[in-house]
Amino acid sequence: MLDRKHYDVAILGGGPGGTSAAITLAQAGVSVVVCERSHYQENRVGEMLSPGICPLLVELGQWERFIQAGHLASPGIICCWGSSQPYENEFIFNPYGSGWHIDRCNFDRSLALAAKEAGAIVCLNTLVVGVNYEAGGWNISMRRGGELTNLRADFLIHASGRSQFSPVSPAIFATQKMYVDSLVGVAQFFHHIPNPAIDDRRTLIEATAQGWWYSAQLPRGKAIAVLMTDRDLLPVKRRDLQAYWQKNLLTTVYTKERVNTWYPVKQLHIYDACTARQDYFSGQQWLAVGDAAATYDPLSAQGIMKAISNGISAARAIIESGMSHVCSFPDYHGSLTTSFAEYMKERQLYYAQERRWENNFFWQRRQANIMHPYPKSANYFIQLH
Ligand SMILES: Cc1cc2nc3c(=O)[nH]c(=O)nc-3n(C[C@H](O)[C@H](O)[C@H](O)COP(=O)(O)OP(=O)(O)OC[C@H]3O[C@@H](n4cnc5c(N)ncnc54)[C@H](O)[C@@H]3O)c2cc1C
């Protein structure tokens, strides 16, 4: 519940990026409000965490809660990439222990709870519908339970994720988004009957001619399998999607084996998974964190960790500026720029290892690391819905 109309910082979006910023700010005594459109009730994708999540959650004071939340420890990743022979990346020598397959809604909800406990105001079921800058601060308009309401804040943290219909018009920040690809994930959730004797808790990644697959068991008897491919390689008609997905699954060797033991629930869902970045990550009285700043190929499994790390850094940048209204946070912008450039190099190296389908569009496109500084066409969004 809003207890007043003016806050030091307003955060748009209560995913891992937004809530990590809120925890850090609230712990430092800054007044902060998080506006989150959901109740964390719907399935979310982004389920794999590498062991490196540990120090970030320790920093937020959330490690104990995390390990008691019933997420599944994962010993490693099996990759069928670059050759038909699978190889394993084990976490056994990692100083932080295992990786994790998480219940994503539960994970996001518990970070929101932690923000509330630290003193942030967390408004759920609150859709931000408009943002504008006026008289030295931000006006934020929101819809909550059918009613329009608004608040003011000195600083804005943009954390609304990949959201195709962002409440923040690019003109406000004078930024432009640059795209590297048009990757999408076609996801199917499953039930499986947990059996500790035979369950394989490793993530499986398997390349095919049309893209690649990842699959994993999740907590509470759930599982997921996702075909990653380019948007324009999907069938034009939505009704042909299931057959396309099944046909592609049959071209795998290992994924189909594990998926055949699971029971599908719900329909296939298409998620935007492209690599892209804003040209500016911060400016006067605002910062962008997580997917609202830059989006990463799920192959890297870095999105959640980057969002949390950005959230913490953005909060610190505001605190360290002494709440200055004239600072545009150049160090924050610089560090995200460097991090994205490093990711792009790793992305190219990884895709270059797969040479089995060099004549196929999906793989050809990934041999070139080119950024396209143009907005996506309206058709792009229509097809995703
Ligand atoms: C198919 C796929 C697989 C992935 N797999 C992995 C993985 O294995 N590991 C990994 O680390 N990452 C993975 N990712 C990436 C990861 O999910 C994201 O990087 C991560 O969720 C980013 O966190 P965020 O807080 O920036 O954004 P989000 O998690 O998207 O959170 C944004 C929040 O803002 C809210 N919101 C949006 N618009 C509004 C609005 N107008 N008003 C109010 N609230 C709003 C949303 O409800 C949401 O809660 C995957 C992504 C995809 C697409």
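Two strands are taken to pair if DSSP finds at least two bridges between them. In this predicted model, strand β2 (residues 32–35) meets that criterion with strand β8 (residues 121–123), the two running parallel and sharing 3 bridges. Within this pairing, Val33 stands opposite Ile121 of β8.

Strand β2 is also joined to strand β1 (residues 6–12), again in the parallel sense, by 4 bridges. Here Val32 of β2 is the bridge partner of Val9. The connection from β1 to β2 passes through helix α1 (residues 16–27), giving a β-α-β crossover that is right-handed.

In a regular strand, side chains alternate between the two faces of the sheet. The side chains of β2 are arranged as follows: Val32 and Val34 point one way, while Val33 and Cys35 point the other way. All four of these residues are buried.

Helix α4 covers residues 104–118. With 15 residues at 1.5 Å a residue, α4 should span 21 Å, and the distance of 21 Å between its end C-alpha atoms therefore agrees with expectation. The buried residues of α4 are Arg104, Phe107, Asp108, Arg109, Leu111, Ala112, Ala114 and Ala115. An α-helix has 3.6 residues a turn, so residues three or four places apart point the same way. The packing partners of the buried α4 residues are helix α1 and strands β2 and β8. Strand β2 thus appears both in the parallel pairing with β8 and among the elements against which α4 packs. After α4 comes Gly119, which has a positive phi, near 120 degrees.

Conventions: Residues numbered from 1 in each chain as written. Predicted model: local features only at pLDDT ≥ 70, side-chain atom pairs only at ≥ 80, totals over all residues. Buried ≥ 20, exposed ≤ 12 C-beta atoms within 10 Å, placed from the backbone. Right-handed = clockwise from strand over helix to strand, strands pointing away. Expected span 1.5 Å × (residues − 1). Contact = placed C-beta atoms within 7 Å.
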